[in-house]
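Student: I should like to look closely at a single part of this model. Please choose a stretch of the chain, follow it step by step, and explain how its residues are placed.

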Amino acid sequence: MGWNNILIIGENNVCNSYMCGVILGDLLKQSNIDDISVQSRGLVVLFSEPVAPLAISALAAHDYIIDVFRSAQLTKEDVAGADLIITMTDEQVGRLLKDYPCDAICMSLGRFLGKELALPDLSEGSREDYEKGFENFEKWMREVADRLF
């Protein structure tokens, strides 16, 4: 498909989109695919903040490489440079296209995978909630990676 720059978009970029971006980026590296860039961004980032500590713990527990990261607001430049934009929800696709018209392929994770997904709300979740969320995100990112090549 020729996707070189993938954006994964969430609400505030401190949990779901960050976790998905880390997982997908690492899966691509494990497959020796170095010509695809994966970044995560948020639709509503009022100020940059650290990623949720339990998200970092869940990723680290499964040996994912975690760079120093703070949430980042989606910008017009991010969108202009993207080939594929995956949001966490269908509703976010609508908001994205309203605020950031673009030529990239934009769709929710569920639509990209062709199925209904029950995305976890981890905003006030426990360690167990984050672990279950991680397991879902890893499964879904493996499916995304499989569709990329």
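Tutor: A residue counts as exposed when its relative accessible area is over 50%, as buried when that area is under 20%, and as partly exposed in between. Please keep in mind that the model is predicted. The part to be followed is strand β2, together with the loops and residues around it.

Let us begin ahead of the strand. Asn32 is located in the loop between α1 (16-30) and β2. Its relative accessibility is 68%, so Asn32 is classed as exposed. The backbone of Asn32 also deserves attention: its phi is positive, about 60°, although Asn32 is not a glycine.

Next comes the strand itself, β2, which spans residues 37-42. Arg41 belongs to this strand. Because its relative accessibility is 14%, Arg41 is counted as buried. What does the side chain of Arg41 meet? There is a polar contact, at 3.0 Å, with the side chain of Asp78. The two side chains also form a salt bridge, with 3.0 Å from N to O. Since Asp78 is in helix α3 and Arg41 in strand β2, the pair ties together parts that lie 37 residues apart in sequence. Both partners, Asp78 and Arg41, are buried. In the structure as a whole there are seven salt bridges.

The surroundings of Arg41 extend beyond Asp78. Setting aside residues up to four places away in sequence, Arg41 touches several others, among them Leu7, Ile8, Ile9, Gly10, Ala72 and Leu74. One of these, Leu7, can be considered from its own side. Leu7 sits in strand β1, residues 5-10, and it is buried because its relative accessible area is 2%. Beyond its neighbours within four places in sequence, Leu7 has contacts that include Gln39, Arg41, Leu74 and Asp78. Arg41 and Asp78, which form the salt bridge, are thus both in contact with Leu7.

Let us now move past the end of the strand. Phe47 is found in the loop between β2 and α2, the latter covering residues 53-61. With a relative accessibility of 55%, Phe47 falls in the exposed class because exposure was set at over 50%. Phe47 joins Val44 and Leu46 in a nonpolar patch on the surface, and together the three have about 350 Å² of accessible area. Which class do Arg41 and Phe47 fall into, buried or exposed? Arg41 is buried, whereas Phe47 is exposed.

Ser48 occupies the loop between β2 and α2 as well. Its relative accessibility is 36%, so Ser48 counts as partly exposed. Apart from residues up to four places away in sequence, Ser48 touches Arg70 and Ser71. The contact with Ser71 can be described in more detail: the side chain of Ser48 reaches the backbone oxygen of Ser71 at 3.0 Å. A distance back along the chain may be set beside this. Ser48 and Gln30 are 18 residues apart in sequence, and their C-alpha atoms are 29 Å apart in space.

Beyond helix α2 the chain enters another loop, which runs between α2 and α3 (76-81) and holds Asp63. At 68% relative accessibility, Asp63 is considered exposed because it passes the limit stated at the outset. The phi of Asp63 is near 65°, a positive value in a residue other than glycine. Asn32, too, has a positive phi without being a glycine.

To close, let us return to the neighbours of Arg41. Ile8, Ile9, Gly10 and Ser17 are among the residues that Arg41 touches. These four are also among the contacts of Met88, counted without its neighbours within four places in sequence. Met88 lies in the loop between β3 (84-87) and α4 (90-99), and since its relative accessibility is 6%, Met88 is buried. Another contact of Met88 is Cys20. Met88 and Cys20 are 68 residues apart along the chain, while 9.4 Å separates their C-alpha atoms.

In summary, the route has led from exposed Asn32 to buried Arg41, paired with Asp78, and then past Phe47 in its nonpolar surface patch and partly exposed Ser48 to exposed Asp63.

Technical notes:
Residues numbered from 1 in each chain as written. Predicted model: local features only at pLDDT ≥ 70, side-chain atom pairs only at ≥ 80, totals over all residues. Heavy atoms only, no water. Patch = residues over 30% accessible without salt bridge, like charges linked within 9 Å, V, L, I, M, F, W, Y side chains within 5 Å. Areas by Shrake-Rupley, 256 points an atom, 1.4 Å probe, with all protein chains shown as cover. Salt bridge = Lys/Arg side-chain N within 4 Å of Asp/Glu carboxyl O. Helix = DSSP H or I, 4+ residues; strand = E, 2+ residues; numbered from the N terminus. Buried < 20%, exposed > 50% of the residue type's maximum accessible area, 1.4 Å probe, protein only. Polar contact = N/O pair within 3.5 Å; in protein donor to acceptor, adjacent residues only side chain to side chain. Contact = heavy atoms within 4.5 Å.
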